[in-house]
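Reader: I've just opened this one and could use a hand finding my way around. Can we go through it step by step?

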Amino acid sequence: MLSTRLTNARFLTMDPAHPVAHDVGIWRGRIVGLDDAVTSLPAREVVDLQGATVLPGFIDSHVHLAWTGLKARTPSVAPCARVEDVLAVVADTVARQPSPDAWVALAGYDQRALGRHLTAAELDRVSQGRKVFMLHDSGHGCVVNSAVLDLLPADVPHENGFLAEGAMGAARALRPPHTQQELADAIAHAARTCRAEGITACAEAGIGGSLFGHSPAELAAYQLAREQGQLPLRVQLMVAADALHPVALPDADHTPRALDLGLRTGFGDDWLSIGALKVYTDGGMMARTAALTAPYHGMDHTGQLQDDPEALTDTIVAGHLAGWQLAVHAIGDRAADVALDALEQAQRAQPRPAARHRIEHAGLIRPDQLARFARLGVSAVVQPNFLRYFGDDYAAIMGEERAPWLYRGRGFLDHGVTLVGSSDRPVTDGAPLRAIQFMVERASESGQVIGPDEGITVDEALRAYTVGGAFACHWDDSAGTLTPGKRADLVVLGDDPRGVSTSRIGDIEVVTTYVDGRAATA
């Protein structure tokens with residue numbers, strides 16, 4: 001007997017062998033058959049979906065759940081567009097913190113709206129001596145006051161209180177870590193939001209590191225969320241490379257650095273597992289720290305790498321040799337050169353064709369770099385909503401020649417590169433349907449079309465958020481298509497993304513989301 005039979009729907013299976021179905025049979029959380037194979041079987045529950053469109057559950061292959069949940073509970077200076085308004089929010093937040101020794105955290109900072117960065121001196125005027133830490137919306141910088149600067153080593157660089165990349169990590173490390181329960185609650189909050197948007201699985205893009213880590217025991221917070229029944233979707237955890245430490249193992253193991261007990265990619269189960277090793281090579285475009293080969297348009301700098309290219313290469317090669325899948329953060333084209341060079345060196349040292357290494361963001365990729373992605377078998381994990389919401393700004397700082405190279409779609413696919421959709425939530429909106437709409441029309445919120453030749457079809461965009469995501473996360477044997485034997489993770493939509501005008505895709509209703517064959521409840 002089936003657990004559930006879903007009927008009277010248009011199932012877009014994403015499986016070329018059986019592309020459309022009208023019935024799906026589920027048993028013990030798995031799809032056991034389609035159409036005539038299940039229509040006559042008894043079922044404990046028969047659900048009439050009343051003509052809805054059903055897809056494999058969306059996979060967000062690059063998201064920050066803990067950060068998303070924490071940000072939702074942190075006072076925010078967005079959308080303040082004047083320095084005075086930001087300082088007023090800071091003053092109000094400080095006034096509500098009675099302890100003079102406390103840290104005052106704020107979110108939503110973005111210098112672009114202000115025209116310049118805030119300074120430590122300005123924060124000093126409203127901080128009453130408390131330590132103020134205001135995180136940049138990109139996650140690649142922060143502004144702090146003098147009370148924080150005084151605690152930092154003298155060699156930590158800053159610009160009047162603005163700290164970028166590693167310098168931000170140094171300031172962040174001074175703050176007390178969140179408790180496991182605080183993190184579990186934050187993870188649960190973000191996961192519920194993802195699930196409501198049709199996401200059934202995601203990859204948390206970096207735990208335990210200095211840039212985005214929130215606790216030395218961050219993995220335990222995910223375990224706690226699961227144990228408490230607060231994890232409503234499947235999560236794969238990328239581990240920040242700086243969480244690894246030297247280990248004394250035989251040379252034959254090729255593992256000079258590792259997590260304790262040698263944990264690496266693949267450990268875990270269907271609900272919670274360890275995924276790729278996250279390596280940061282540069283910063284972000286919002287903070288103007290993405291590493292470019294030519295200066296930002298109208299500026300006199302090219303961003304920055306996180307470390308010397310030799311050190312970054314050493315980390316990437318060591319991770320590859322130790323058996324990790326690699327997720328290399330590279331937004332600018334200079335960072336992509338470093339990443340591709342290192343991955344090529346790693347594969348020469350020890351060929352691992354099935355490693356499925358990934359480049360996260362791939363924000364600005366020159367035409368000559370596309371073939372290298374394909375030759376190395378590297379997936380491109382992009383965030384289409386970056387251009388939907390920030391595209392006007394990004395196009396302006398790249399200039400006319402480079403703007404069409406931003407967050408490519410068609411260029412990757414035409415070169416045989418696996419294109420993977422993701423959000424980088426909470427940096428921007430995480431709704432997959434809105435991202436899918438952008439991938440097709442390439443239009444920012446203002447209507448500016450950015451790189452129109454990079455537009456792809458609706459089917460290709462849907463594959464990026466299903467088949468592509470499953471491939472990138474090594475889930476293709478259990479997710480990504482509605483195929484017998486795979487997990488019964490599905491999203492029920494109020495309309496067919498392939499049958500409405502492109503401009504309406506982002507507004508299609510997510511009716512419900514099934515995980516493990518069970519309809520998600522609020």
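Reader: Let's start with a helix pair. At what angle do helix H12 and helix H14 pack, and how does that count: parallel, antiparallel, oblique or perpendicular?

Author: Keep in mind that this is a predicted model. Helix H12 (residues 384-402) packs against helix H14 (residues 432-441) with the axes 8 Å apart, at an angle of about 80°. Angles from 65 to 115 degrees count as roughly perpendicular, and therefore H12 and H14 are roughly perpendicular to each other.

Reader: Which residues of H14 are met by H12 there, and how many residues of the contact are charged?

Author: On the H12 side you'll find Pro384, Asn385, Leu387, Arg388 and Tyr389. They meet Arg434, Ala435, Gln437, Phe438, Met439 and Glu441 in H14. Sorted by type, the contact residues come out as 6 nonpolar and 2 polar, and the charged ones number 3.

Reader: On to the sheets. In the sheet of 8 strands, which strands are at the edges?

Author: That open sheet has the order S6-S11-S12-S15-S16-S17-S18-S19, with parallel pairing. On average, its neighbouring strands are turned by 25° against each other, direction ignored. An edge strand here pairs on one side only, and that picks out strand S6 (58-63) and strand S19 (419-421).

Reader: Inside that sheet, what is the bridge partner of Ala203 in S12?

Author: Strand S11 (residues 199-207) and strand S12 (residues 234-240) run parallel, joined by 5 bridges. For Ala203, the bridge partner in S12 is Gln236.

Reader: And the sheet of 4 strands: why is one side of S7 and of S10 left without a neighbour?

Author: Here the open sheet goes S7-S8-S9-S10, and the pairing is mixed. One pair in it, strand S8 (residues 131-136) with strand S9 (residues 141-144), is antiparallel over 3 bridges. S7 (103-109) and S10 (162-164) stand at the edges, so one side of each has no neighbour in the sheet: each has a single partner strand.

Reader: Which helix lies across S7 and S8?

Author: Look for a helix running at about 150° to S7. Residues 83-95 form the one lying across both strands, helix H2.

Reader: Last stop, the inside. Which residues touch the most other members of the largest nonpolar core?

Author: Nonpolar side chains tend to be buried together in soluble globular proteins. The largest nonpolar core has 118 residues here, and apart from it lies another core of 19, including Leu87 and Val104. Leaving out residues up to four places away in sequence, Phe373 touches Leu340, Ile359 and Phe412, among others. In the largest core, the residues touching the most other members are Leu163, Phe373, Leu406 and Phe412.

How values were computed:
Residues numbered from 1 in each chain as written. Predicted model: local features only at pLDDT ≥ 70, side-chain atom pairs only at ≥ 80, totals over all residues. Heavy atoms only, no water. Pairing = 2+ DSSP bridges. Helix = DSSP H or I, 4+ residues; strand = E, 2+ residues; numbered from the N terminus. Contact = heavy atoms within 4.5 Å. Axes fitted to C-alpha atoms, helices over the stretch in contact; angles between N-to-C directions. Parallel < 35°, antiparallel > 145°, perpendicular 65-115°, else oblique. Nonpolar A, V, L, I, M, F, W, Y, C, P; charged D, E, K, R; others polar. Core = buried A, V, L, I, M, F, W, Y, C linked by side-chain atoms within 4.5 Å. Buried < 20%, exposed > 50% of the residue type's maximum accessible area, 1.4 Å probe, protein only.
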